[in-house]
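Here are my notes for you to read next to the model. I have kept to a handful of spots that I would look at on screen.

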Amino acid sequence: RSGEWPIRARTLMIQGTSSSVGKSVLTAALCRIFARRGLRVAPFKAQNMALNSFVTPRGEEMGRAQAVQASAAGREPEVEMNPVLLKPEGHSRSQVILMGRPWKTLSAGDYYACREILWASVAASFEKLAGENDLLLVEGAGSPAEINLKKSEIVNMRVARTFGCPVLLAGDIDRGGVFASLTGTLALLDDEEKALVKGFLINKFRGDVKLLEPGLEMLSGLTGGRPVLGVIPWLKNLAVAQEDSVYLEENRSSGATGGVDIAVIKFPRISNYDDFDPLALEEGVSLRFVDRPEDLGKPHAVILPGSKTTLEDLAWLRRSGFDGLLAALVLSGSSLAGICGGYQMLGRRISDPLGVEGASGGGNGLGFLPGETLFESSKETTRVTGATVPGEGFPGSRPLAVEGYEIHMGRTVLPRGARPLLSLGGGRTDGAVSAGGRIWGTYLHGIFDNGEFREEWLRSLGRAEPGKALPLREIREQAFERLADEVEAVLDMKALERIIGL
């Protein structure tokens, strides 16, 4: 190996010709494929830019995609799997989560000036995982051919060069131009980087692969004999969480029609939109992401999701005219729910005197729930368990067990006599519910992962026939097995094992 660090684990790195070519899902597939062969496998992504995040058992925040990959490998997520997480806040600024904790909010220029500080954590995390595992499956970000950023990047070829990772370059054929993208990306790498690229993966293929074979041979001829190790088919209804905002743009609806209609307001800085995957997977439920008032219609329920910039997204909601529509829908009998930032918006007031989210200030909430939120400098990141508080209407007359995780800066206080949604033990409560239960909010991400809670809410919306109410972990397990089966069936596993050195 040409890397600078002594390591135990074998490695394989998946890089891509661009964002959203399927790197995260392919890495998850490989995690499951090799884990079920008896290897101790860990995912790794040096730097992730995403507003979907997860909380580890130690209360550390990391990218959601690496948490999913860890689950595919049969592992608890560890913050070392994603040491640097960037959470965009707008105006070319991002909150930097370093080793699971908020570090700084930086502009793009300031971020690149700090790259060596961040790289120290990347290298230490890689070494730790490499010393504890048989195989590290490493994911890149975007494209390694962003030549304007090559000197400052810490997630693509710098990782591959330093640790001697063999690289597979993935391209999305469904977008078109996959042969040009793969060939062009390789051409823009320097000689040392090219030597690390051992082959290609072509993703999201629809049709007869035999018609593609002449192109595969030509691609190999144009790239020094590098093989295509697999043509992965387009996989429909794949219940594996996606991290990239491009995915949200391209998949704005679950595709279901009829039954229960649920609209999620797509804020400009929407976060943790995979909270709603369990609803999209339910039969007889149509889930839509809506960013224009004219598309809202008359759904059975509207959800205000999480937001990285709660006050800015609340102002956008009002400018767009959604506030009046929400009031009219509630009067006509629709349900209204809020998760995290959406829960804060449903309250009476939000105050940010320290400028935690940007400029200091505050303003009135939508007033559907009685809570008042105060932003503080500390960030709550914790895994929690609890149960619903029984009451009139939703969530019903018996407590329903729930678990999830909190990621938020604000603290919401209810007035005396207000009804909380959840009891978390130790005298703590979370969320709020209106009289009758049609309006509710919570800080818990993953609330819909809980089968009984999800089913009870859908029943309150008029769902005619109950579903199976499977916890999301069971749905994900089935999805991981299907994903691994489908991908392994089209991979040249013997060639892949030789590349890895197994």
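1. Let's start with N203, keeping in mind that this is a predicted model. N203 is buried, because its relative accessible area is 7% and the cut-off for buried is under 20%. The residue is found in strand β11, which covers residues 197-205.

2. What does the side chain of N203 have for polar company? One of its polar atoms lies 2.9 Å from the backbone oxygen of V21. V21 also turns up among the residues that N203 touches, together with G22, L26, G171, D172, I173, D174 and I232, if you leave out anything up to four places away in sequence.

3. Next along in strand β11 is K204, and its backbone deserves a look. Phi is positive there, at about 65°, and K204 is not a glycine. Most residues other than glycine have a negative phi. Is K204 buried or exposed? K204 counts as buried because its relative accessibility is 19%, and the limit is under 20%.

4. N272 is another non-glycine residue with a positive phi, in this case near 50°. You'll find N272 in the loop between β14 (270-271) and α10 (277-280). With a relative accessibility of 2%, N272 counts as buried.

5. Now for the peptide bonds. Most of them are trans in general. The one that joins F394 and P395 is cis, with omega at about 5°. As for its setting, P395 sits in the loop between β21 (372-388) and β22 (401-413).

6. Then there is helix α12, residues 322-331, where F322, L326, L329 and V330 are buried. Why do they end up on the same side of α12? Because they cover an arc of only 100° around the axis. The spacing rule behind this is the usual one: an α-helix has 3.6 residues a turn, so residues three or four places apart point the same way.

7. Which elements cover those buried residues of α12? The cover includes the strands β13 (260-265), β15 (285-290), β16 (301-304), β18 (335-339) and β26 (439-442), and also helix α11 (310-320). I'd show these together with α12 when you check the buried side of the helix.

8. One last item sits just after α12: G333 takes a positive phi of about 110°. Unlike the positive phi values at K204 and N272, this one belongs to a glycine.

Conventions:
Residues are numbered from 1 along each chain as its sequence is written. This is a predicted model: local features need pLDDT of at least 70, side-chain atom pairs count only at pLDDT 80 or more; totals for chains, interfaces and linings use all residues. Side-chain values use heavy atoms; hydrogens and water are left out. Helices (H or I, at least four residues) and strands (E, at least two) are DSSP runs, numbered from the N terminus. Buried means under 20% relative accessible area, exposed over 50%, partly exposed in between (1.4 Å probe, protein chains only). A polar contact is a pair of N or O atoms within 3.5 Å; within protein, one must be able to donate a hydrogen and the other to accept it, and residues adjacent in sequence count only if both atoms are side-chain atoms. Contact means heavy atoms within 4.5 Å. The arc is that of the directions from the helix axis to the C-beta atoms.
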